[in-house]
Amino acid sequence: MLLLWVSAVVASALAAPAPGAGGRRRGEVGAPNVVVVVSDSFDGRLTFQPGNQVLKLPFINFMKTHGTSFLNAYTNSPICCPSRAAMWSGLFTHLTESWNNFKGLDPNYTTWMDVMEKHGYRTQKFGKLDYTSGHHSLSNRVEAWTRDVAFLLRQEGRPMVNLLPDKNKTRVMEKDWKITDRATDWLRKEAVHLAGPFVLYVGLNLPHPYPSPSSGENFGASTFQTSHYWLKKVYRDAIKIPKWSPLAEMHPVDYYSSYTKNCTGKFTKKEIKNIRAFYYAMCAEADAMLGEIILALRQLDLLQKTVVIYTSDHGELAMEHRQFYKMSMYEASAHVPLLIMGPGIKANVQVPNVVSLVDIYPTLLDIAGIPLPQNLSGYSLLPLSSETLRNKNELKTLHPPWILSEFHGCNVNASTYMLRTKRWKYIAYADGASVLPQLFGSIVEPPFPATYGPSTDILCFVCLQWSAGTPVGPLQTCSCRICSSFSQQL
């Protein structure tokens with residue numbers, strides 16, 4: 001019944017005409033250049049207060065000052081391949097059928113970059129793509145099928161830190177720096193000479209944790225690695241130690257995830273603080289790579305002609321909820337950065353609307369003045385960020401007041417669905433009945449009023465599982481104050 005409700009909401013949006021489907025140019029000038037920079041595992045809360053008080057991110061702050069930042073942007077699936085499949089296709093995960101890190105889009109799938117190329121854009125991409133099938137390891141596929149067995153195929157390495165001995169080393173993630181160098185070289189040697197517009201995609205690995213080969217044959221990536229140079233960008237006194245629930249009181253899905261991520265053992269406060277500090281330092285290094293691209297555009301006199309978009313495939317728990325990695329609908333894992341700046345984009349504006357990565361596809365086509373396909377799950381973000389569209393009444397009808405995220409991969413023992421509105425976050429597991437759901441008020445965690453368990457004052461979609469009264473339909477609400485408030489948000 002729970003999933004029927006979620007499905008009904010989603011279906012209503014998919015049936016609606018795509019906004020801007022007629023296509024339009026943004027002003028009378030030619031289509032702008034576009035640069036899309038996508039990092040990996042970047043917690044979106046670090047791009048605004050109070051999260052941004054813990055480290056220096058000068059180039060993200062530059063984009064905030066000169067562009068539009070989205071305060072409530074979410075991944076459509078908190079793991080690499082399914083999330084990127086959603087971003088490159090503009091479709092929800094259940095439509096792409098990218099169920100885990102092994103299963104993505106077909107290599108010949110028509111992405112937003114393919115469409116832009118057909119409409120005259122010169123296209124180029126460097127670095128991590130990770131949206132097609134067959135990558136990572138086969139275990140990523142098999143583990144998602146074996147949730148109910150009495151043993152684990154493998155356990156992640158225990159999260160740890162590694163400080164490089166060279167105190168002044170700036171290029172810690174050398175692979176990403178090489179990707180950045182290739183991108184800036186292409187701008188200097190080719191893009192600057194083009195007669196028409198171009199779209200450049202740059203995919204970074206940071207701040208994803210590094211591999212941990214010491215953890216055994218099937219090692220994962222549980223090492224947070226940096227140098228003193230980047231640690232100096234972190235305000236250590238501002239780092240908060242997350243509060244953990246006792247193991248016996250954890251939600252059953254959280255306990256399973258914590259166990260498979262090797263986080264159920266004892267961790268000192270110093271260990272936890274170090275992991276978080278190193279993660280933030282890795283974010284600072286990623287920000288510097290974004291900065292190299294922005295500086296190159298500026299030096300080449302291309303910045304005023306180019307729309308720059310920065311985002312990430314998902315976040316990083318960094319020991320919140322007794323976990324690292326992602327694979328969770330908690331804020332640290334599901335909340336992503338999303339900033340846009342360039343010609344025609346509002347400057348120094350923060351948008352509170354809930355949006356998600358499927359919105360990038362229609363946004364890019366809208367920037368280029370290309371008609372939008374009717375089958376997309378996402379909506380163009382230009383009405384929320386463009387200087388030429390100021391009708392606030394029109395804005396309310398263009399993007400629905402909710403986003404959908406789902407997860408079906410490893411390290412979780414039940415498929416997970418999140419519906420996020422302005423005030424509420426509702427998380428359902430599996431069929432919505434065998435594993436108890438969660439309700440969060442605003443973005444406060446732990447959830448209000450209760451994580452799970454009997455209550456007479458919980459949203460009816462949840463309380464019908466426990467109440468002795470007559471169950472209500474999936475689109476009905478009871479008269480409790482929470483249901484009344486939630487109905488107004490929808």
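User: Why does Gln299 count as exposed?

Analyst: This is a predicted model, so everything here is computed from its atoms. Gln299 has a relative accessibility of 58%, and the bar for exposed is over 50%, so the label holds. The residue belongs to helix α10. Its C-alpha atom is 9.2 Å from that of Arg188, although the two positions lie 111 residues apart along the chain.

User: What makes Trp244 and Phe267 an edge-to-face pair?

Analyst: There are 12 aromatic pairs in the structure. For Trp244 and Phe267, the ring centres are 6.1 Å apart and the planes make 85 degrees. Pairing needs centres within 6.5 Å, and edge-to-face needs an angle over 60 degrees, so both tests are passed. Trp244 sits in the loop between α8 and α9, and Phe267 in the loop between α9 and α10, so the contact ties together parts 23 residues apart in sequence.

User: Are those two rings buried or exposed?

Analyst: They get separate labels. Phe267 comes in at 9%, under the 20% limit, so that ring's residue is buried. Trp244 has 23%, which falls between 20% and 50%, so partly exposed is the right call.

User: Then why is the pair of Tyr279 and Tyr280 called tilted?

Analyst: Their planes are 50 degrees apart. Stacked would need under 30 degrees and edge-to-face over 60, so this one lands in the tilted class. The centres are 5.8 Å apart, inside the 6.5 Å limit. Tyr279 has a relative accessible area of 1% and is buried, and Tyr280, at 7%, is buried too. Both belong to a cluster linked by ring pairs, along with Phe224, Phe324 and Tyr325.

User: How do you know that Arg158 sits over the ring of Phe267?

Analyst: The charged end of Arg158 is 3.7 Å from the ring centre, and the distance limit is 6 Å, so that part of the test is met. Lys326 does something like this with Tyr325, lying over its face at 4.5 Å from the ring centre.

User: What makes up the nonpolar surface patch?

Analyst: Leu247, Tyr255 and Tyr259 form it, covering about 260 Å². Take Tyr259, which is in helix α9. Its relative accessible area is 38%, and patch members need over 30%, so Tyr259 clears that cut-off. As a residue label, 38% translates to partly exposed.

User: How many disulfides are there, and how do you know that Cys80 is in no disulfide?

Analyst: The count is 0. For Cys80, the nearest cysteine sulfur belongs to Cys81 and is 8.3 Å away. A disulfide needs the sulfurs within 2.5 Å, so Cys80 doesn't make it. Cys80 is buried at 1% relative accessible area, and Cys263 is buried at 0%.

User: Why is the contact between Arg84 and Asp40 called a salt bridge?

Analyst: The closest N and O atoms are 3.4 Å apart, and the limit is 4 Å, so the pair qualifies. The structure holds 11 salt bridges. In this one, Arg84 comes from helix α3 and Asp40 from the loop between β1 and α2, so the bridge ties together parts 44 residues apart in sequence. Both Arg84 and Asp40 are buried.

User: What makes Arg122 and Glu190 a salt bridge, and what do their accessibilities say?

Analyst: The N to O distance is 2.9 Å, within the 4 Å limit. Arg122 is in strand β3 while Glu190 is in the loop between α7 and β5, so the pair ties together parts 68 residues apart. Arg122 at 35% and Glu190 at 34% both fall between 20% and 50%, so each counts as partly exposed.

User: And how do you know that Lys425 and Glu331 are bridged and buried?

Analyst: Their N to O distance is 2.7 Å, which the 4 Å cut-off allows. The bridge links strand β13, where Lys425 lies, with helix α11, home of Glu331, across 94 residues. Lys425 has 1% relative accessible area and Glu331 has 2%; the buried label needs under 20%, so both earn it. There is also a network: Asp40, Arg84, Lys128 and Asp313 are joined by salt bridges that share partners.

Definitions and conventions: Residues are numbered from 1 along each chain as its sequence is written. This is a predicted model: local features need pLDDT of at least 70, side-chain atom pairs count only at pLDDT 80 or more; totals for chains, interfaces and linings use all residues. Side-chain values use heavy atoms; hydrogens and water are left out. Rings of Phe, Tyr and Trp (its six-membered ring) pair if their centres lie within 6.5 Å; planes under 30 degrees apart count as stacked, over 60 as edge-to-face and the rest as tilted. Helices (H or I, at least four residues) and strands (E, at least two) are DSSP runs, numbered from the N terminus. Buried means under 20% relative accessible area, exposed over 50%, partly exposed in between (1.4 Å probe, protein chains only). A charge sits over a ring if NZ of Lys or CZ of Arg is within 6 Å of the ring centre and within 35 degrees of the ring normal. Patches are made of residues with over 30% relative accessible area and no salt bridge: like charges are joined within 9 Å, nonpolar side chains (Val, Leu, Ile, Met, Phe, Trp, Tyr) within 5 Å. Accessible areas come from the Shrake-Rupley method with a 1.4 Å probe; for residues, only the protein chains shown count as cover. A salt bridge is a side-chain nitrogen of Lys or Arg within 4 Å of a carboxyl oxygen of Asp or Glu.
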